[in-house]
Amino acid sequence: MSAVGAPGGRAVDPAGAHSYATEWAQAVRRLGFVPMSAADTERLLLSYTLRLAEALLHADEVASVAAEVGQAMVEAHLTEPDMIEWSVRSLADRLPDQVLGGATGLADRIAVAQGALAAGFARALRDRTFAQQESIARSAWQARDDVERALRDSEARFRAVFRGAAIGIGIADVDGQIIDVNQPFADLLGYSIEEMRQLNVTALVHHDDAPGMWELYGELIEGKLESGRVEKRYYRKDGTSVWTDLAVSLIRHDDGRPRFTIAVAEDITQRYELQRRLRFQALHDPLTELPNRTLFFETLSRLLSSSGRVGVCFLDLDGFKAINDSLGHDLGDRLLMTIARRLAGCVAEYGYLVARMGGDEFVILVDGDAGVDNMIAVAELALNAVSAPVFIDDHQLMVSASVGIVASDLVGTSAAELMKAADTTLYWAKAEGRGRWAVYDPERSARDIARSTLVAELPVALDRDEFVLHYQPIVSLLDGRMLAVEALVRWEHPELGLIGPDRFIGLAEETGLIVRLGEWVLRQACRDAQRWHVDFPDARLVVSVNLAARQADAPVIVDTVADALSSSGLPAELLQLELTESAVMGSGGEPLRTLHRLAELGVRLAVDDFGTGYSNLAYLRRLPITCLKLAAPFVEGIRGDEPDVADHRDERIVDALVRLAHALELWVTAEAVETEPQAERLRALRCDSAQGRLFGPPEPAAVISTRLAGG
């Protein structure tokens, strides 16, 4: 027999369906009376199994099919509460593995099927009971009519129905005094029949009675209604509670005046408890028994729509994955259970809802008019509760957590917006270290959103040629001649205008796009430099291009530089590559060989921001570099006409660096030269060249061409 096909390659296993149906049949026959043979029972349940399995593979049919199966069980007289409980539970525990071959991704459909199966069963059972009740009520009415025609015969029939019914029947006058009840009604509430006859229906009030129930009863005994039906909870004589499906009908005098009422009550406690358990399972985390995401969002949305002011403390354990990976998931689960109890306990006196959102994430819902200070206090309570040592078996575990704090008045009244802000704030807390909280800041969030937008737009911007190069002159301090230019990238954003590198270079490095962007800068700079070389050959203008650390470490960097030179036609000696001090000093092995291979191409190599890192001078001698660029802070410290103590220190540092560079036969360029006094001091210290606002800001290539032309 072949498997029944289904979308997505998943199919019903016929053999598994037969096995499941056999187990189902055995279970129902074990749990109660079944009015058919074993073979007939198995054939019937096999048809139900196939219908449920097929429905689980088609989301739009799950609820209706499951409800029909629940109704069919009642029609087949499979009505014992344990039968439906087994059927609902096995939908999740057995059917996916036995019938659907262990198919995954069906959790939501199975949950829908469970609810619909129970609901269909309950509706069918209720309707059948109602039909029985209506039949009994009609019989009682007919019996009362027959009394007027043939008192003795009708009385016998009425008593037969009243006493022999399997469900409770009671009669009361219009003042509520109970006239009579049958034995099932007395047993239902735990009284004797005589004790029941001494009670008034008002003594059976329960504090959980639905609003309007007694108003409905009042209208009934006033003759405004003929009947009513409710689900009512009663106190039994021993103090326990019982749930009933209660139908009450009005009996009138011949002249139409209300005479008495007949109540028919069926015990639905087991059905009610089943529904309650199913709802609890749907709205609570099975591990910690805390409210789950569904219940949390239901509560949050309700509070936002009513009061509009709530706060959220979104908590995530620090390093929980390491505990799970090293000590096992069983211990991790026990740790989560302990943390859940502590979190619920630390805010229990305030009545705040604590929910598990999944994994090691928890959330505390602070309702009312609590301000940020109060939410911070709640967050600190939670952090203290989490940070206490946890002893599990022979392990003492120390865990911490990070908390994101958000008030709804800062982000609007949408539950989704509130939790998105809470997640962002939690990320801030984690970024700042462990065991701390962070409060939502709308301005910071706006900056993060803008930053994320730029990250998303970077690849597209590169494809659309939105980047441009500006060049800053590097001039000789001896004669003022422009010796080189440094290529600096800018982003011509279609909406934000010209964006400086400080806003996107770091993002490019984080995302790895710096390699593509750096290659574009290199190739464009070589093309521009070649045009200057052709137009102004005597200038011998060098173009200096920055290489990011990741770019310099790329295995193909030498081939990329060689191809850029070859495709542009630029002589290698007119290209200078700048690397940071930390990147150069940290190179060894293959990176060091890469520097030598670049030098062998004929290009110049410069160390950028020299003096800010840790330099091994002996190692520096081995590097094929030609230039040191002094870091801006040292140059900025040389203030000018009235030097102070700090100026003297910076000047002595610059003097030492220049002497060191010259001892290694290296060219020295000073960065960030802003004033003429700074330039004079650098000349006195025998610095070779400089760049900065004094000699010109970064400009487009056309401005450099004009300057070379003497314009």
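Trainee: How do the residues of the lining of the largest pocket divide into nonpolar, polar and charged?

Mentor: In this predicted model, the lining has 16 nonpolar, seven polar and 10 charged residues. The pocket itself has a volume of about 790 Å³. Among its 33 lining residues, E486, L488, P501, N546 and D608 are the closest to the centre. Asp and Glu count as charged, Leu and Pro as nonpolar, so E486 and D608 go in the charged group, L488 and P501 in the nonpolar one.

Trainee: Which strand gives the largest share of that lining?

Mentor: Strand 14, with five residues. Other elements giving two or more include helix 20 (514-535) and strand 18 (604-610).

Trainee: And what lines the second largest pocket?

Mentor: There are 17 lining residues, with A111, Q114, L278, Q281 and A282 closest to the centre. The volume is about 460 Å³. Helix 4, helix 6 and helix 11 each supply at least two lining residues.

Trainee: Why does T41 count as buried?

Mentor: Buried means under 20% relative accessible area. T41 has 1% relative accessibility, so T41 counts as buried. T41 sits in helix 2, and beyond its sequence neighbours within four places, T41 is in contact with A25, V28, R29, V34 and M36.

Trainee: How do you know which residues meet where helix 14 packs on helix 15?

Mentor: Contact means heavy atoms within 4.5 Å. By that cut-off, I339, R342, L343 and C346 in helix 14 meet L381, A382, A385 and V386 in helix 15. Seven of these contact residues are nonpolar, none polar and one charged. The axes lie 9 Å apart at an angle of about 145°, and the crossing is right-handed.

Terms used. Residues numbered from 1 in each chain as written. Predicted model: local features only at pLDDT ≥ 70, side-chain atom pairs only at ≥ 80, totals over all residues. Heavy atoms only, no water. Helix = DSSP H or I, 4+ residues; strand = E, 2+ residues; numbered from the N terminus. Buried < 20%, exposed > 50% of the residue type's maximum accessible area, 1.4 Å probe, protein only. Axes fitted to C-alpha atoms, helices over the stretch in contact; angles between N-to-C directions. Left-handed = near helix turned anticlockwise from the far one by under 90°. 1 Å grid on protein atoms, 1.4 Å probe; cavity = no way out; pocket = protein on both sides within 12 Å on 5 of 7 lines; lining within 4 Å. Points joined across faces, edges and corners; volume = space filled by probe spheres on them.
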